[in-house]
Amino acid sequence: MIDSKMILQFAENIKEDMIRDRRILHKNPEVGQSLPQTTAYVMGRLSAMDYEPVEICESGIVATIEGKTPGRCILLRADMDALPMQEKTNLSFQSNQGSMHACGHDMHTSMLLGAARLFKEFQQELKGTIKLVFQPNEEGLTGAKEMIHAGVLQSPKVDGAMSIHVHAGTPSGHVVCGRGTFMAGCTRFRIHISGKACHGSMPETGRDPIYVAAHIELALQEIVTKELAAQNPVVISVGKLSGGSSPNQIPDEAILEGTIRSFDESISAFVLKRITEISHCMAEGFRVKASVKTLSFAPPMVNDTTVTEKMSRTVSQLLGQNKITLLDQGGMGSDDFSFYSRYVPCTYFLLGAGVQEENPQFGGVMHSETVIFNEDILPLGAALYTFCSLMWLIQ
């Protein structure tokens, strides 16, 4: 019989180790697909626990642990990459490298390292195989795809997958999970506008790409308000507009970058088509040129109903029924863990990382320069990975 209280207690016993891991990772963030320092650290920690980690693609780590009896295989994923933004939390372990773990991926990595410790402790309870996956470039929406292409779902074949993501603004230790489509798909796009540079005093001698970029950005919102039914939620956001380096010089190019989010891949494809058409027509009208490129894509995150129901009951058993909320409608956030859900039954949990009522420092906006997560939830995350996996494998 798997003892949930014992798992929670052991997770609490290694809390300081998880905090140390988290702070080392937080102070030394890396962005994108290539995470050499993070990879070396995680592989070193796993090796110290008597695992044999393998880097199956650039910065994509896999380690497995098997029970005494054969059975199914479950994949547990933690993402490791950070965001290209300057941290302003004033924490003692703040990053000063121009990048930041503003989405909590350092928390995820330390929780899964904690779970790795727990699996060794409770290996006698394990039936089947647990595959620990530490993934790069979730923010770029390409890391999961790279690992799948490298064979992460094979040898042994994965029968189910689970991931936990911390969430600022949800009470600490409270779990949120959705039935069915839980998160939107995301398409990242870039619009490149080629104009003609000139001096700011003589705009008639050039073709202003910034002016055109502004018109395109405004026109894109027309797609949502005038071309799509209100019953089909879509969000188009432009988060980057760059062009020029001098206030009195009109540049020769400008760049817009943004995202399309929806629960339906066909709608996202339609929106991208319209973005391309609007950009080309707007550019032609202002006598410049525009090109549109898809930078990356992740499908909607679909939680398998059967797996999610079982896992949710397990969470209730571990933490209590009042500690989990099941939703029938998801949000517009995205995660490339959704690629795994295309191939195997998956479940994806949000784990509350604090609200302002608990501590004025908590409850900030995800992906902000000042967001702070409650480290007290690290043992809960490790225990969730451990107990949910062990219980799923014996069912």
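## Exercises on helices and sheets

Helix H8 (residues 305-319) crosses E3, strand E5 (160-167), strand E6 (175-178), E15 and strand E16 (346-352), and runs at about 35° to E16. The model is predicted.

**Exercise 1.** Find the order of the eight strands in the open sheet, and name its edges.

*Solution.*
- Step 1: Read across the sheet. The order is E1-E2-E4-E3-E5-E16-E6-E15, with mixed pairing.
- Step 2: Look at the ends. Strand E1 (54-57) and strand E15 (324-327) each have a single partner strand, so one side of each has no neighbour in the sheet.
- Step 3: Take the twist. The average is 25° from one strand to the next.
- Step 4: Add a helix. H3 packs on this sheet and touches E1, strand E2 (60-66) and E4. The direction of H3 makes about 10° with that of E2.

**Exercise 2.** Decide in which sense E3 and E4 pair.

*Solution.*
- Step 1: Locate strand E3 (residues 69-79) and strand E4 (residues 127-135).
- Step 2: Follow the eight bridges. The pairing is parallel.
- Step 3: Check one position. Asp-79 lies opposite Gln-135 in E4.

**Exercise 3.** Compare the end-to-end span of H2 with the expected one, then find where its buried residues point.

*Solution.*
- Step 1: Helix H2 (residues 15-27) has 13 residues. At 1.5 Å a residue it should span 18 Å.
- Step 2: Its end C-alpha atoms are 18 Å apart, which agrees.
- Step 3: List the buried residues of H2, taking under 20% relative accessible area as buried. They are Lys-15, Met-18, Ile-19, Asp-21, Arg-22, Leu-25 and His-26.
- Step 4: Down the axis of H2, these residues fall within an arc of 160°, so they line one face of the helix.
- Step 5: Recall the general rule. An α-helix has 3.6 residues a turn, so residues three or four places apart point the same way.
- Step 6: Find the neighbours. The buried residues of H2 pack against helix H1 (4-13), helix H3 (36-48), H4 and helix H10 (378-394).

**Exercise 4.** Describe the four-stranded open sheet and the helices across it.

*Solution.*
- Step 1: The order is E10-E12-E8-E13, and the pairing is antiparallel.
- Step 2: Strand E10 (234-242) and strand E13 (289-298) are the edges, each pairing on one side only.
- Step 3: Inspect one pair. Strand E8 (residues 185-194) and strand E12 (residues 253-262) share 10 bridges. Phe-189 has Gly-258 in E12 as its bridge partner.
- Step 4: Place the helices. Helix H6 (residues 209-227) lies across E8, E10 and E12, at about 170° to E10. Helix H7 (residues 265-285) lies across E8, E10, E12 and E13, at about 160° to E13.

Conventions
Residues are numbered from 1 along each chain as its sequence is written. This is a predicted model: local features need pLDDT of at least 70, side-chain atom pairs count only at pLDDT 80 or more; totals for chains, interfaces and linings use all residues. Side-chain values use heavy atoms; hydrogens and water are left out. Helices (H or I, at least four residues) and strands (E, at least two) are DSSP runs, numbered from the N terminus. The expected span of a helix is 1.5 Å times one less than its number of residues. Buried means under 20% relative accessible area, exposed over 50%, partly exposed in between (1.4 Å probe, protein chains only). The arc is that of the directions from the helix axis to the C-beta atoms. Contact means heavy atoms within 4.5 Å. Two strands pair if DSSP finds at least two bridges between them. Axes are lines fitted to C-alpha atoms, for helices over the stretch in contact, and angles run from 0 to 180 degrees between N-to-C directions.
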